[in-house]
Amino acid sequence: QVQVVESGGGLVQPGESLKLSCAATGSLDSIGVMNWYRQTPGKQREWVAAINSGHRITYADSVKSRFTISRDATKTWLQMSELQPEDTAVYYCVVEGIRLQGGGRLPEEWGQGTLVIVSS
């Protein structure tokens, strides 16, 4: 009923910037919180940033001052600056508090992820 698709990943050099996009589509009426997570092979998945429907924003300490999250009703973006090799990961968009057209609700939906590689 709801699909979440990320885009914008790629290979960049240390110090460069990259902007990720995420779009939620389907029979949805509204979304509560939109999150970005990331995961590196062999490591636990890490929450990166969140923005709620009132545009209240929170960041993980590891990305604060370098990453900027934004959104509209069904899309979210993650502007990443001053990227470092440790930012290399698959980045996932997770939408929470989904209200469906017709009155149903879904707790959350995950995208398939987009790969970001930071390497010289």
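The side chains of Asn 35 and Glu 96 meet in a polar contact of 2.9 Å, and that pair makes a handy way into this predicted model. Asn 35 sits in strand E5, which covers residues 33-39. With a relative accessible area of just 4%, Asn 35 counts as buried, because the cut-off for that label is anything under 20%. Setting aside neighbours within four places in sequence, Asn 35 is in contact with Trp 47, Ala 49 and Ala 50, and also with Tyr 92, Cys 93, Val 94 and Glu 96. So Glu 96 turns up both as a contact of Asn 35 and as its polar partner.

Strand E5 also holds Gln 39, and here the setting changes. Gln 39 is partly exposed, at 25% relative accessible area. A polar contact of 3.2 Å ties its side chain to that of Arg 45. Beyond its neighbours within four places in sequence, Gln 39 has Gln 44, Arg 45, Ala 89, Val 90 and Tyr 92 in contact. Tyr 92 is thus on the contact list of Gln 39 and on that of Asn 35 too. Thr 25, on the other hand, is 14 residues from Gln 39 in sequence and 24 Å from it in space, going C-alpha to C-alpha.

Zooming out, the chain comes to 12 strands and 0 helices, so read from the N terminus the element string is simply β repeated, β-β-β-β-β-β-β-β-β-β-β-β. The radius of gyration is 14 Å, close to the 14 Å that the globule rule gives for 120 residues, so the chain is as compact as a globular protein of that length. The C-alpha trace spans about 50 × 25 × 20 Å along its principal axes. Of the 120 residues, 36% are buried. Taking contacts between residues at least 6 apart in sequence, 56% of them join residues at least 24 apart.

Next comes the packing inside. In soluble globular proteins, nonpolar side chains tend to be buried together. The largest nonpolar core in this model has 30 residues, and the members that touch the most others are Leu 20, Trp 36, Val 48, Phe 67, Leu 78, Met 80 and Tyr 91. Strands that each supply at least two residues of this core include E1 (2-7), E3 (18-26), E5, E6 (46-52) and E8 (67-71), along with E9 (75-80), E10 (89-100) and E12 (114-118). The largest share, 6 residues, comes from E10. Met 80 gives a feel for how these pieces meet: leaving out neighbours within four places in sequence, Met 80 is in contact with Glu 16, Ser 17, Leu 18, Leu 20, Arg 66, Phe 67, Tyr 91 and Val 116. Among these contacts, Leu 20, Phe 67 and Tyr 91 are also on the list of core members that touch the most others.

The structure holds 1 disulfide, which joins Cys 22 to Cys 93 with an S to S distance of 2.1 Å. The pair links distant parts of the chain, with Cys 22 in strand E3 and Cys 93 in strand E10, 71 residues apart. The dihedral about the S-S bond is -75°, which makes the link of Cys 22 and Cys 93 left-handed. Both cysteines, Cys 22 and Cys 93, are buried, and Cys 93 is one of the residues in contact with Asn 35.

Strand E3 also pairs with E1, in the antiparallel sense and over 6 bridges. In that pairing, Val 4 stands opposite Ala 24 in E3. In a regular strand the side chains alternate between the two faces of the sheet. E1 does this: Val 2, Val 4 and Glu 6 point to one face and are buried, whereas Gln 3, Val 5 and Ser 7 point to the other and are not.

Finally, a look at the backbone in the loops. Most residues other than glycine have a negative phi, and most peptide bonds are trans. Phi of His 55 is positive, near 65°, and His 55 lies in the loop between E6 and strand E7 (57-59). At 46% relative accessible area, His 55 is partly exposed. Ser 65 is not a glycine either, and its phi is also positive, about 80°. Its place is the loop between E7 and E8, where Ser 65 is exposed, with a relative accessible area of 71%.

Terms used: Residues are numbered from 1 along each chain as its sequence is written. This is a predicted model: local features need pLDDT of at least 70, side-chain atom pairs count only at pLDDT 80 or more; totals for chains, interfaces and linings use all residues. Side-chain values use heavy atoms; hydrogens and water are left out. Helices (H or I, at least four residues) and strands (E, at least two) are DSSP runs, numbered from the N terminus. Buried means under 20% relative accessible area, exposed over 50%, partly exposed in between (1.4 Å probe, protein chains only). A polar contact is a pair of N or O atoms within 3.5 Å; within protein, one must be able to donate a hydrogen and the other to accept it, and residues adjacent in sequence count only if both atoms are side-chain atoms. Contact means heavy atoms within 4.5 Å. A nonpolar core is a set of buried Ala, Val, Leu, Ile, Met, Phe, Trp, Tyr and Cys residues joined through side-chain atoms within 4.5 Å. A disulfide is a pair of cysteine sulfur atoms within 2.5 Å. Two strands pair if DSSP finds at least two bridges between them. The radius of gyration is taken over C-alpha atoms; the globule rule is 2.2 Å times the number of residues to the power 0.38.
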